[in-house]
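This report examines selected parts of one protein model. Please consult the sequence and the structure while reading the sections below.

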Amino acid sequence: MSESIDDALTDDKGDGAEDAPAQAAADISGYGPDLGSGHAVAGPEPGTAATVLLLGSGELSRELALSFQRLGGLVVAVDRYYAPAHGVADRSAVIKMNDAEELAALIERERPRYVVAESGVIAADALIAVAERGDTEVLPTPRSIRLSPDREGLRRLASDELGLPTVPFWFAGSVEELTAVAEHAGFPLLVKPVVGALRDGESVLLRRDDIGPAWQRATTAGHIAHNRVLAESVVEVEYEITMLTVRTNGPTGPGVQFCEPIGHRQVSTDVLESWQPQPLSPAALDAAKSISARIVNSLGGRGVFGVELLVQGDDVYFSDVRIRPHDSGLVTLRSQRLSEFEMHARAILGLAVDTIMISPAAAEVAYGGAEVGELSADVSAVLAEALATSESDVRLFSRQGESDSPRRLGVALATAPDVIIARDRARRVGAALRKLW
């Protein structure tokens, strides 16, 4: 539930205990060329294959492009720089994706069957016009593409419109407003930018002196100018989970399917650990599915959505939602029959999807900043050490282009008979891989 700043100055919001978890009875229906800026590179002529234009071409988009191609799709990869997916796509372009005219011109030239958003920095107005034209599908939907990078819009949708449980939160448009919120809410207080990547620009306020630096950090994060922040009460939770939710459109209409819950934690600024499945109580699992179905059905469209949730006992709180495959879902490369990329491609193309988990698994994603240069160790020797761990696998990510910092360096993967052993194995693989950087 949100408050205005005036409310924050006059009303006591309480500890959020009145926010009950969403009930399971909610509506769940089914369960390598040279590129010049602004210029497409010639590739295979489109025939009967479905042309998929990917807006955003980073490492995860590279995996998605391959998934579309394996299903017969012709992929056009687009980004603001020469990015990893450009190296595997059928055609590529470098443009300013937040320039509506430039984006519209590219779509008019390519005439794709599907436009798929894989970045948060996109001119949504151009996509609305494309969708209204009717000959190209924009996925998941223009509305979800507009909302996905906007924490304020998403939080108001979840809390005010859908009534989903959240931790107490406020928005502030100045240091003075943030100070008023902090004095009302008390410390500790989590401050986030209203736009930007997960954890980018976040701070935990412990005292009044932290307010100014937190404001500066939040409002200068990312590539989108903004002067508002989201402030949340810090509540004790047992788990942070991702519910990968697949929205499809079959003969009987839209439906959603759920993967087993994925637990995750930020080990440090350099490592994200995730594992599947994360055991939940029956009540918490029902609430997680209900919350996920309601937010995904509200956003609409087709594809994989990563719904971020906080779990404390049987209580589940909505935190965020991603409209595309993301880092915590990389564990599905080994845990599921279909990875998050394969599920996303199938759902967008209107094909059958399943969320079958074939083994407990864990992953560690390593990140680095601009200071990380060339690999500093014998790659073969490090890989030999990493892959000596039972049931292990690795992915090393490209260093080319202008990817944002921190950028993904690699992911360590492992499976096992249970998630505890899988996490231990992934940690050993990850420790070996970090010798490369």
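## Packing of two helices

Helix 3, which covers residues 100-110, packs against helix 4, which covers residues 124-133, at an angle of about 30°, and their axes lie 9 Å apart. The model in which this packing appears is predicted.

On the side of helix 3, the residues that meet helix 4 are A100, L103, A104, I107 and E108. Their partners in helix 4 are A126, L127, V130 and R133. Sorted by class, the residues of this contact comprise seven nonpolar and two charged, with no polar residue.

## A sheet of five parallel strands

Five strands form an open sheet with parallel pairing, and their order across the sheet is 4-3-2-5-6. At its edges are strand 4 and strand 6 (137-139), each of which pairs on one side only. On average, neighbouring strands of this sheet are turned by 20° against each other, if direction is ignored.

## Strand 4 at the edge

Strand 4 consists of residues 91-94. Are its two faces covered or uncovered? Both are covered: R91 and A93 on one side are buried, and so are S92 and V94 on the other.

Strand 4 runs parallel to strand 3 (residues 74-79), and four bridges join the two. Within this pairing, A77 stands opposite S92 of strand 4. S92 is thus a residue to locate twice, as a buried residue of strand 4 and as the residue facing A77.

## The second largest pocket

The second largest pocket holds about 410 Å³ of space. Its lining is made up of 21 residues, and those closest to the centre of the pocket are L190, K192, E232, E240 and L310.

Which strands each supply at least two residues of this lining? They are strand 8 (189-193), strand 9 (203-205), strand 10 (229-233), strand 11 (239-250), strand 15 (303-312) and strand 16 (315-322). Strand 15 gives the largest share, with three residues. By class, the lining of the second largest pocket contains ten nonpolar, seven charged and four polar residues.

Technical notes:
Residues are numbered from 1 along each chain as its sequence is written. This is a predicted model: local features need pLDDT of at least 70, side-chain atom pairs count only at pLDDT 80 or more; totals for chains, interfaces and linings use all residues. Side-chain values use heavy atoms; hydrogens and water are left out. On a 1 Å grid over the protein atoms alone, a cavity is a set of points where a 1.4 Å probe fits but cannot get out, and a pocket is an open set with protein on both sides within 12 Å along at least five of seven lines; lining residues have an atom within 4 Å of a point. Grid points are joined across faces, edges and corners, and a volume is the space filled by probe spheres set on the points. Ala, Val, Leu, Ile, Met, Phe, Trp, Tyr, Cys and Pro count as nonpolar, Asp, Glu, Lys and Arg as charged, and the others, Gly among them, as polar. Buried means under 20% relative accessible area, exposed over 50%, partly exposed in between (1.4 Å probe, protein chains only). Two strands pair if DSSP finds at least two bridges between them. Axes are lines fitted to C-alpha atoms, for helices over the stretch in contact, and angles run from 0 to 180 degrees between N-to-C directions. Contact means heavy atoms within 4.5 Å.
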